[in-house]
Structure formats: structure tokens, C-alpha cells
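The following exercises concern a protein–DNA model. Each task sentence is followed by a solution in steps.

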Number of protein chains: 2
Amino acid sequence: MIIEIDFNSDEAIYMQLCNQIIYGIATRAFSEGDALPSVRKLSEEIGINMHTVNKAYTVLKDEGFVKVDRRKGVVIAVDINHLEDLKEVKLELLRTLAKASCKGISREEVHGLIDEIYEEYGGYRA
Amino acid sequence: MIIEIDFNSDEAIYMQLCNQIIYGIATRAFSEGDALPSVRKLSEEIGINMHTVNKAYTVLKDEGFVKVDRRKGVVIAVDINHLEDLKEVKLELLRTLAKASCKGISREEVHGLIDEIYEEYGGYRA
DNA sequence: GCGGTTGTTATACATAATATATAACAACCG
DNA sequence: CGGTTGTTATATATTATGTATAACAACCGC
């Protein structure tokens, strides 16, 4: 899993980290139980501060993507609360699709995009 | 069109304004050519600073949702660039669906959410 | 136990983003 | 002319973001 940070982006570094790790879980680069690099190693590897990595890990923990294992450090551990998760995803979709609808993007086109993306992600895991 | 600002939200006020106006266009509360309240009136009505409203209008202008009419002020004017728009929507969906896929939300469930939302938005305008 | 690791917390600092407050400007309208 | 429009400029306060250094308890391998 290669993590790339765009220092010219308007998106905060810790948020880029979060999104790339979530993307890594979705694309199976990370699996349940896998350990992430320690805050010190990852910060040194990327060339950023330790606290920036720690903030990303804290957000991922709060959002239920990782947990802290006293022996292994931070490990992938997806916490599922289906109704809650659906609600949050719908909220984000409401924003994105408002833009899409305004711009004349049809429902069928959106369904097509969903299929393209889920082909990459592979969908639900057994 | 009633605009509600949550001052306890972690989302910037000008961004909440943008999103609500885009939502208003999607739900047909605003139509092409309709004038938005002036920066001074809207800021007074909501109880925020004039520049905050102006920043929201500037973002909407840059993203192609409104334009400035010397006589009517800021009016709804959706600028369509289909390929560009599709690309941006797909980028946002990549983020949202990565989360969804991690959380075990199936492709079919996402399609269902899309249909629910597009029912409210009404889809493409003739 | 020792040395090194883990996440975590505290403090301090610098920069950028956000929001407010006043003020002024050209362009337009009745 | 008087009042509106968006726009720009300046100044200030607060928060968010990122860095820097240091320390802590808990754990691991030796």
C-alpha cells in the first residue's frame, strides 16, 4: 500500500491519510487484523509530523475503521452498524447527487458510475 | 426557500450556504434565472457577515451554479460541461463508496439510495 | 530487568482558514 | 439624486492545521 500525499491540495493532510487508508481497505490492500505502520514510522516515511498521523488514526478509530491493539499497534478493524452506516452514506450522497442533478447528470449515469466503482471495490465481504 | 445555518456544525458557514442553495436548485425551489437575495439582505436575514455570504456566492459562481447579472444581482445559471461534471461527481463517489464498501453496504443498497434521492430531485430537466 | 517499541498526552509555536467589522468603489435603477 | 447591486480593501479575532519537543504507561524480545 503506497500512500501519496499532495502537499498542494486544499485537503488537510490528515484527511488525505484517512481517505487513502479507507480506499486501501475497500480495494483489499488492507484486510481485517492487518497492522498499520506506527505513527512514528509512517510520519518519517511520508515526511510529516507524528501528530498529523496520530490525528488521522484517531479519526479512523472514531469512525470505526481501526482499533488499537496493545501488542500490534493500530490494526484494521471495521465496526459495522448497518442502519447508522446507511444513514451516513445517504447524507453524503444527498450532497453529491444534488450537484449531479443540477448539472444534468441522469439517474442512469449515476447508476453506471456506481457499478464502475463497485467493480473496483468488490462489494460486500463474506 | 428557507436557509438554516447550524452554528455548531464543523462545516464552514459559507459551505453550508453553498450546499443548501445547490440543494434548492436540485429540488426545484430555485429555477434558472431566479435571483438570489443580495449579499447584504441574506447576511442580515441569517445574522452573519456580508463577506461570508459573498464567499458562498463566489464559490457557487466558480463551480458554475450562478452568475452575476448587473441588473438582477446573483441569479441561478447552471453551467454544464458534461465530461468535466461526470469526472468530479465520480471523484466524490469514489470517496463515499469506499466508506460504504468497507462498512459492508452492498451495491444494490447503494442503487436503492440513489433511486430514493433522485426521486426527490426529479432528475434531468428538459 | 533492560532497551526499544507502541499509542497517548502535554506544551509551545507558526501558518492558514474562517468569520467579523468598517469602509469605500463603480455600475445600475427608479 | 438616492438607493441598490457586487466587489474590493483593510483590520481583527478565533479556530484549524501542522510542526517540534518531551514525557508517560504498556508492551515485547532478549
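**Exercise 1. DNA strand D**

Determine what share of the atoms of DNA strand D within 4 Å of the protein belongs to sugar or phosphate, and describe the protein surface near this strand.

Step 1. Of the strand D atoms within 4 Å of the protein in this predicted model, 65% are sugar or phosphate atoms, and the rest belong to bases. The model is predicted, and local features need pLDDT of at least 70, side-chain atom pairs count only at pLDDT 80 or more, while totals for chains, interfaces and linings use all residues. Residues are numbered from 1 along each chain as its sequence is written, chains are lettered from A and ligands numbered from 1 in the order in which they are written, and side-chain values use heavy atoms, with hydrogens and water left out.

Step 2. There are 24 residues around DNA strand D, and those that come nearest are Ile13(A), His51(A), Arg71(A), His51(B) and Lys61(B). A residue is near a strand if one of its heavy atoms lies within 4 Å of it.

Step 3. Sorted by class, this surface holds nine nonpolar, seven polar and eight charged residues. Here Ala, Val, Leu, Ile, Met, Phe, Trp, Tyr, Cys and Pro count as nonpolar, Asp, Glu, Lys and Arg as charged, and the others, Gly among them, as polar.

Step 4. At least two residues each come from α1 and α3 of chain A and from α2 (39-46), α3 and β2 (73-76) of chain B. Helices (H or I, at least four residues) and strands (E, at least two) are DSSP runs, numbered from the N terminus.

Step 5. Two side chains of chain A approach phosphate oxygens of DNA strand D: a polar atom of Thr52(A) at 2.8 Å, and an N or O atom of Lys55(A) at 3.3 Å. A base nitrogen of DNA strand D lies 3.0 Å from a polar side-chain atom of Arg40(B).

**Exercise 2. DNA strand C**

Identify the residues that come nearest to DNA strand C, and locate its polar approaches to base and phosphate atoms.

Step 1. His51(A), Lys61(A), Ile13(B), His51(B) and Arg71(B) come nearest among the 24 residues around DNA strand C.

Step 2. Sugar or phosphate accounts for 64% of the strand C atoms within 4 Å of the protein, and bases for the rest.

Step 3. On the bases of DNA strand C, a nitrogen is 3.0 Å from a side-chain N or O atom of Arg40(A), and an oxygen is 2.9 Å from one of Arg70(A). On the backbone of the strand, a phosphate oxygen lies 2.5 Å from a backbone N or O atom of Ile13(B).

Step 4. The elements that each supply at least two residues here are α2 (39-46), α3 (50-62) and β2 (73-76) of chain A, with α1 (13-26) and α3 (50-62) of chain B. The class counts are nine nonpolar, seven polar and eight charged.

**Exercise 3. The interface of chain A and chain B**

How many salt bridges does the rule find across the interface of chain A and chain B, and which element of chain A gives the most residues to it?

Step 1. Each chain places 49 residues in the contact, where contact means heavy atoms within 4.5 Å.

Step 2. The two chains bury about 5,100 Å² between them, 64% of it on carbon and sulfur atoms. Buried area is the accessible area (1.4 Å probe) that two parts lose on being put together, summed over both.

Step 3. Ten salt bridges cross this interface, and the count over all chains is twelve. A salt bridge is a side-chain nitrogen of Lys or Arg within 4 Å of a carboxyl oxygen of Asp or Glu.

Step 4. One salt bridge links Glu11(A) and Arg95(B), with their closest N and O atoms 3.0 Å apart. Glu11(A) lies in the segment before α1 of chain A and Arg95(B) in helix α4 (residues 82-102) of chain B, so the pair joins two chains. Another joins Glu88(B) to Lys99(A) at 3.8 Å, N to O.

Step 5. On chain A, the elements giving two or more residues to the side that touches chain B are α1 (13-26), α4 (82-102) and α5 (107-121). Of these, α4(A) gives the most, with 17 residues.

Note on methods. A polar contact is a pair of N or O atoms within 3.5 Å; within protein, one must be able to donate a hydrogen and the other to accept it, and residues adjacent in sequence count only if both atoms are side-chain atoms.
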